[in-house]
There are 2 protein chains.
Amino acid sequence: MFNGLSAFPLTPMNETGVDEQAFTRLVENLVLANVSSIGALGSTGSYAYLSRTERQRVAQIAVECAGEIPVMVSIGAVRTRDVLDLAEDAQQVGVKALLLPPMSYQKLTDEDVYSLYQAVTSNISVPLCVYDNPGTTHFEFNDELHGRIAHLPWVGSIKIPGVSVVPDEAKARVDRLRAVIPKHVTIGVSGDTLAATGLNAGCEAWYSVMGGLFPNTAKIMTDTALTGNAAEATRLSRRLEPLWALFRDCGGSLRVIATAAELRQFTTTPSLPLPLRTFTGETRQRIAAVIDELELS
Amino acid sequence: MFNGLSAFPLTPMNETGVDEQAFTRLVENLVLANVSSIGALGSTGSYAYLSRTERQRVAQIAVECAGEIPVMVSIGAVRTRDVLDLAEDAQQVGVKALLLPPMSYQKLTDEDVYSLYQAVTSNISVPLCVYDNPGTTHFEFNDELHGRIAHLPWVGSIKIPGVSVVPDEAKARVDRLRAVIPKHVTIGVSGDTLAATGLNAGCEAWYSVMGGLFPNTAKIMTDTALTGNAAEATRLSRRLEPLWALFRDCGGSLRVIATAAELRQFTTTPSLPLPLRTFTGETRQRIAAVIDELELS
């Protein structure tokens, strides 16, 4: 399941709870686009802002709506005890894979992180994707650690952060990681702005934020890259430059995509957990203009 | 209450729960030393690793044991909704103040953080200390934002991170902050290694990690600095250099102090929430040697 477009939907919510109807609409949109997998409750799905009960409920809805499409959910928490509980909850409702970020409060050592993955993989019975995103976890993996973790049972993929903008450097980076992990473990790129570069460099999956809202646009780019048409994939990504510019200018992808979901009426305002908020005013207008001009779907 | 030595005890725990007896011993030790206030459930008290129920229970024990000494607890959480619940829980059990870190998962803007403090201070009826520690919250305050927040009702203190090692620069930093906040709001230094420099530079409080385990040693240094004997406070801090070196060499203060608490038999191993662990082997021996040589108490 760790190949192709893995689409990460938002979890729309307000201060009273999760908007289950809106979440269902978002997942149904991904099913219609026939994405390869659904990454519910990722960073884009605001897993870190939800209670254990809410996380299990959202996972359940995702599994029910997704039909044949496999669902992965994040089981991230700062404490190993809680990660183990979340893994149990998620498997109970039928997720096909788990996504584990080494979420931190106190700074973690390599041995802390290895012991976390060891404890979790000793206690699960579905595949696991290693989530490497220093921007949210504040933990920096090195390849030696990736290699050790990738040899643990149940590890099926590594979600890496954005690669270099230079194709040769991106390929060298992916090759370096590939050299230390088993063959059955796939590498998936995240950081939408450099997804085409990552796929062209040999990543087998795109763990995609924009794909969680605009799966058709994201799927064409993914399939184009994975069938070997690197130049066309690059062209399709360059066409999306106004969206990537928004991600760069507006503090990342989450608030932009959440605003876009409101604009396209998948969700209602507010849709993010306070203190996070979607954009108003000029930035909102700019987002509206970009998603319309690019005909994202 | 935001003056003098504010001692931050550990919350000893293992995978089955909080060791309430050990926590009680730690708080009683602070009461015997007659610290100015007790900062339970700070970063040192591992608030971020505990459930809502556990946090209220720990706050309750702290208040019960502390007698006349005021207790402050952290109400940090990434979501405003949870912060408000935690504030309510803490006030119910009789804490005298709240400590609020702008804990983050997604990167926060100044406006997000201001709105968080605004929401919280509109809903509490005890004083609040602003917790500025980019190392754990991953949010960087600027003085303009500190000034705006310090003018909100109930704000009584700002806990700032380590100041410059150069006394004049430390004083300039404290003066700059003082210029934008109301007179009744105190400034307290954290980062034990530069506490004496901070107190000598005009901070009114030391929010202290080592003071949570070795309150007598910390109190002498605090009182010396606050009565104006800067040279003697500096000498006392320099004497503790082997402890500061441990904090620098061992990834911060928490694991060192937690190991020291085990060595002094306040707690039993394990005492930190996995994936965090105390030190074994040579580092543990070095910690044992330092706390004995320095006669910390």
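## Exercises on annotated sites, contact and empty space

The UniProt annotation "binding site" (unreviewed entry) covers Thr44(A); UniProt positions follow the numbering used here, feature names are shortened, and annotations may be inferred rather than shown by experiment. The model is predicted: local features need pLDDT of at least 70, side-chain atom pairs count only at pLDDT 80 or more, and totals for chains, interfaces and linings use all residues. Residues are numbered from 1 along each chain as its sequence is written, chains are lettered from A and ligands numbered from 1 in the order in which they are written, and side-chain values use heavy atoms, with hydrogens and water left out.

### Exercise 1

Task. Describe the setting of Thr44(A).

Solution.
1. Locate the residue: Thr44(A) is in the loop between strand 4 (37-40) and helix 2 of chain A. Helices (H or I, at least four residues) and strands (E, at least two) are DSSP runs, numbered from the N terminus.
2. Classify its accessibility: with a relative accessible area of 7%, Thr44(A) is buried. Buried means under 20% relative accessible area, exposed over 50%, and partly exposed in between (1.4 Å probe, protein chains only).
3. List its contacts (heavy atoms within 4.5 Å). Neighbours within four places in sequence aside, Thr44(A) touches Phe8(A), Pro9(A), Leu10(A), Thr11(A), Val209(A) and Leu254(A).

### Exercise 2

Task. Which residues of chain A does UniProt mark as "active site", and how are they arranged?

Solution.
1. Read the record: the feature, from an unreviewed entry, is placed at Tyr131(A) and Lys159(A). They spread over 29 residues of sequence yet cluster in space, the largest C-alpha distance being 5.0 Å.
2. Assign the elements: Tyr131(A) belongs to strand 7 (residues 128-131) of chain A, and Lys159(A) to strand 8 (residues 155-160) of chain A.
3. Classify both: Tyr131(A) counts as buried because its relative accessibility is 2%, and Lys159(A) is buried with a relative accessible area of 6%.
4. Compare the contacts, leaving aside neighbours within four places in sequence. Those of Tyr131(A) include Lys159(A), Ser43(A), Tyr117(A) and, from chain B, Tyr105(B). Among those of Lys159(A) are Tyr131(A), Phe8(A), Asp132(A), Ser190(A) and Tyr207(A).

### Exercise 3

Task. Quantify the contact between chain B and chain A.

Solution.
1. Count the participants: 35 residues come from chain B and 35 residues from chain A.
2. State the buried area, which is the accessible area (1.4 Å probe) that two parts lose on being put together, summed over both. Its value is about 3,100 Å², of which carbon and sulfur atoms give 47%.
3. Identify the main contributors in chain B: Tyr49(B), Arg79(B) and Tyr105(B) lose the most area to chain A, together 27% of what that side buries.

### Exercise 4

Task. Characterise the largest pocket.

Solution.
1. Fix the terms. On a 1 Å grid over the protein atoms alone, a cavity is a set of points where a 1.4 Å probe fits but cannot get out, and a pocket is an open set with protein on both sides within 12 Å along at least five of seven lines; lining residues have an atom within 4 Å of a point.
2. Give the volume: the largest pocket holds about 960 Å³ of space.
3. Describe the lining: it has 38 residues, with Leu50(A), Ser51(A), Asp82(A), Leu50(B) and Ser51(B) nearest the centre. Helix 2 (52-66) and helix 3 (80-92) of chain A, and helix 2 (52-66) and helix 3 (80-92) of chain B, each supply at least two residues.
4. Sort by class: 18 are nonpolar, ten polar and ten charged. Ala, Val, Leu, Ile, Met, Phe, Trp, Tyr, Cys and Pro count as nonpolar, Asp, Glu, Lys and Arg as charged, and the others, Gly among them, as polar.

### Exercise 5

Task. How many cavities of 30 Å³ or more does the structure hold, and what lines the largest cavity?

Solution.
1. Count: there are six cavities of 30 Å³ or more.
2. Give the volume: the largest cavity has about 70 Å³.
3. Examine the lining, which includes Leu41(B), Arg52(B), Arg55(B), Val73(B) and Asp89(B). Helix 2 of chain B gives the most, with four residues.
4. Sort by class: six residues of this lining are nonpolar, two polar and three charged.

Methods
Points joined across faces, edges and corners; volume = space filled by probe spheres on them.
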